[in-house]
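Dear colleague,

Here is the structure I said I would pass on. Please have it open while you read, as my notes on what was found in it follow directly below.

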Amino acid sequence: MEKFKTLTATAIPLENENVDTDQIIPARFLKVTNRDGFGQNLFRDWRFKKDNSVNADFVLNQSQFEGPILVAGDNFGCGSSREHAAWALTDYGFKVIVSSFFADIFKGNALNNGLLPVQVSPEFLKELMTIIKTDPNTKITVNLEAQTIKIDGSNHSESFEIDAYKKTCMINGYDDIDYLLSKKESIEAFEKNIAY
């Protein structure tokens, strides 16, 4: 995984609430286990019409909005537990998802795949959505070490919670195995001192 400490970037506002994992990546695209290529079908049924033409009304198809931060409505990632939803989001290029609530399994899958779920208050989310829609060039700074999200050029910021272990993994670019390997010397030293 890539290391993540701070990201300053523009964001895409997805106002939909209760976005489930089947909307993120429809089940018909889950026939492979390789993570690559899932991004092309992210929000497939919203990004494209039934005749496969581009849906110009969907926010990901609107050129004024771009960036590696997705600001989504409440209850993002509900539904089935498919890890493919996190794969699709990261393969598309998202590094941070902001919402006022995440489904627990989605949140875990996101963190395991280097995608940072930032949970904010409903009030901050509403304010963030409004500002981004008004000015798509607005930059957002997400500081994982400080656990803060800030709307640049303003005094609007909020702190967020994250599991301490997952925070360490994301800052260092570790998956679970990398983390264990980083503790190899300590583990070996501990084992030498155990009397069997």
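A residue is called buried when its relative accessible area is under 20%, exposed when that area is over 50%, and partly exposed in between, with a 1.4 Å probe and protein chains only. Helices (H or I, at least four residues) and strands (E, at least two) are DSSP runs numbered from the N terminus. With those terms, both faces of β3 are covered, since Ile-69 and Val-71 on one side, and Leu-70 and Ala-72 on the other, are all buried.

Please keep in mind that this is a predicted model, in which local features need pLDDT of at least 70 and side-chain atom pairs count only at pLDDT 80 or more, while totals for chains, interfaces and linings use all residues. Residues are numbered from 1 along each chain as its sequence is written, and side-chain values use heavy atoms, with hydrogens and water left out.

The chain as a whole: it holds eight helices and eight strands, and its C-alpha trace spans about 65 × 45 × 25 Å along the principal axes. Of its 196 residues, 43% count as buried. Taking contact to mean heavy atoms within 4.5 Å, 65% of the contacts between residues at least 6 apart in sequence join residues at least 24 apart.

The parallel sheet: strands pair here if DSSP finds at least two bridges between them, and on that basis four strands form an open sheet with parallel pairing, in the order β2-β3-β4-β5. Its edge strands, β2 (11-14) and β5 (116-119), each pair on one side only. Neighbouring strands are turned by 20° against each other on average, direction ignored, where axes are lines fitted to C-alpha atoms (for helices over the stretch in contact) and angles run from 0 to 180 degrees between N-to-C directions. The covered strand β3 is joined to β2 by four bridges, with Leu-14 standing opposite Ala-72. Three bridges link β3 (residues 69-72) to β4 (residues 96-99); here Ile-69 stands opposite Val-96, and Leu-70 opposite Ile-97.

The antiparallel sheet: another four strands form an open sheet in the order β1-β6-β7-β8, with antiparallel pairing. β1 (6-9) and β8 (157-159) stand at its edges with a single partner strand each, so one side of each has no neighbour in the sheet. The twist averages 10° from one strand to the next. β1 pairs with β6 (residues 140-143) over four bridges, and Thr-6 has Asn-143 as its bridge partner in β6. Helix α5 (residues 122-134) packs on this sheet, touching β6, β7 (148-151) and β8, and its direction makes about 40° with that of β7.

One residue in a helix: Thr-21 is found in α1 (residues 21-24) and is buried, with a relative accessible area of 1%. Leaving aside neighbours within four places in sequence, Thr-21 is in contact with Gly-77, Cys-78, Gly-79, Ser-80, Arg-82 and Ala-85.

The largest pocket: a pocket is an open set of points on a 1 Å grid over the protein atoms alone where a 1.4 Å probe fits, with protein on both sides within 12 Å along at least five of seven lines, and its lining residues have an atom within 4 Å of a point. The largest pocket is lined by 15 residues, of which Glu-2, Thr-90, Lys-95, Asn-113 and Gly-114 lie nearest its centre. Helix α3 (residues 84-92) gives the most to this lining, with three residues.

Best regards
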